[in-house]
Amino acid sequence: MRQLSLVLLCLLLSLEPQLRKCATDLRTSARTAQVLGGDADLEPAPCLLRDLLHDPRHGAGKNEDNFKTSQFHLDLWFYFTLQNWVLDFGRPIAMIILPLEWFPLNKPSAGDYFHMAYNVITPFLLLKLIERSPKTLPRSMVYVSIIMFVMGASIHLVGDSVNHRLIFSGYQHHLSVRENPIIKNLKPETLIDSFELLYYYDEYLGHSMWYIPFFLILFIYFTGCFTPVEDESRMPVAALLLMGPSSLYYWYLVTEGQIFILYIFTFFAMMALVMHQKRKGLVLDSNGLFLFYSFIITLVLIAVWVIWLWNDKILRKKYPGVIYIPEPWAFYTLHMNNLHAGKESF
């Protein structure tokens, strides 16, 4: 008993400076509240004891933080997939279908408004997805990624808006900028350089600053989708039904955005992480399985797409090199437009 008392006394003496500081900070906060009228809801000053008790990075809190029970986020994944299809895939379709009189060529199109909504809703859903992770994730990296995502998507908004509006003037996406009939005859020729700069902002810089943070956030979230409980490694029926539309959208994202290298590196990183965590006795929860299987199906869809268009000489000319993955809209302007024109001639 005497030894226990000595231990407690030593502990109190060691914490005495910190306790005095906490008491002083609390008194300061109380005085400040009185000065502001007594109704101010002020956050208490930092205190070592409170941090030790509530910070999940210390002691038993760490295990609880790493292995919280995780349910399938049906609402978030459904909203995420729906807005991707409507606001991203649907924006060029809305621009083409809606009457041109409603959205003149010198004004934003319906697709531009879709893009604006996408630039707001998508980062919000990504942040909500990160918040629901059962594991504490690096917030600073997430915030920087979100900022880059919004900036890249906004750059893409401008470039993509002009490029898609050029379709009404005869621009053909399956041709390069300088090979397009409406571009190569421009005078002075420096105007062609300006259109190439616009294409660079749209297809290269905008896509890079948009998609790299996007896949980085998904991977960061994926790192927290592991659990030691086997029962949590099962997907509900709703997840299986949602996997098809989700995978198909990722196929469109990779092919139209020309980001196969970024996608495949992310997928390989996921595979490596799964094998590493499996050695520790951890398995993917339902959300991790949904994301991982969606990426697998996406890879299969990309392979089918490439095999189908493997012998297309015109698309081969626009997409030279080892990695040959044509854009869906290039395929549309090359084949579907000609098909529609043929039907109208009859």
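Where is Pro-104 found? In this predicted model, Pro-104 sits in the loop between α4 (74-97) and α5, and that loop makes a convenient place from which to begin a walk through the chain. The relative accessibility of Pro-104 is 34%, and because partly exposed covers the range between the 20% limit for buried and the 50% limit for exposed, Pro-104 counts as partly exposed. Although Pro-104 and Arg-165 are separated by 61 residues in sequence, their C-alpha atoms lie 9.6 Å apart in space.

From the loop the path leads on to helix α5, which spans residues 110-131 and holds Tyr-113. With a relative accessibility of 45%, Tyr-113 also falls in the partly exposed class. Once its neighbours within four places in sequence are left aside, Tyr-113 is in contact with Phe-103 and Pro-108. Looking back along the chain, Met-95 is 18 residues away from Tyr-113 in sequence, and the distance between the two, C-alpha to C-alpha, is 9.9 Å.

Seen as a whole, the protein chain has a secondary structure of 13 helices and two strands. Of its 346 residues, 41% are buried, while the area that the chain exposes comes to about 20,000 Å², with carbon and sulfur atoms supplying 67% of that area. The contacts within the chain can be described by their reach along the sequence: among those between residues at least 6 apart, 76% join residues that are at least 24 apart.

The last stop is the largest pocket, whose volume is about 400 Å³. Its lining is made up of 17 residues, and those that lie nearest the centre of the pocket are Tyr-199, Glu-203, Tyr-204, Gly-257 and Gln-258. Which helix gives the most to this lining? That is helix α8, running over residues 190-223, which contributes eight residues to the lining of the largest pocket. The lining is also shared between domains, since at least three of its residues come from domain 1 (72-224) and at least three from domain 2 (236-334). Sorted by class, the residues that line the largest pocket comprise eight nonpolar, five polar and four charged ones. For a reader turning the structure on screen, helix α8 and the five residues nearest the centre, Tyr-199, Glu-203, Tyr-204, Gly-257 and Gln-258, are therefore useful names to keep in view when looking at the pocket, which is an open set of points rather than one from which a 1.4 Å probe cannot get out.

Key. Residues numbered from 1 in each chain as written. Predicted model: local features only at pLDDT ≥ 70, side-chain atom pairs only at ≥ 80, totals over all residues. Heavy atoms only, no water. 1 Å grid on protein atoms, 1.4 Å probe; cavity = no way out; pocket = protein on both sides within 12 Å on 5 of 7 lines; lining within 4 Å. Points joined across faces, edges and corners; volume = space filled by probe spheres on them. Helix = DSSP H or I, 4+ residues; strand = E, 2+ residues; numbered from the N terminus. Nonpolar A, V, L, I, M, F, W, Y, C, P; charged D, E, K, R; others polar. Domains from an automatic or database assignment. Buried < 20%, exposed > 50% of the residue type's maximum accessible area, 1.4 Å probe, protein only. Contact = heavy atoms within 4.5 Å. Areas by Shrake-Rupley, 256 points an atom, 1.4 Å probe, with all protein chains shown as cover.
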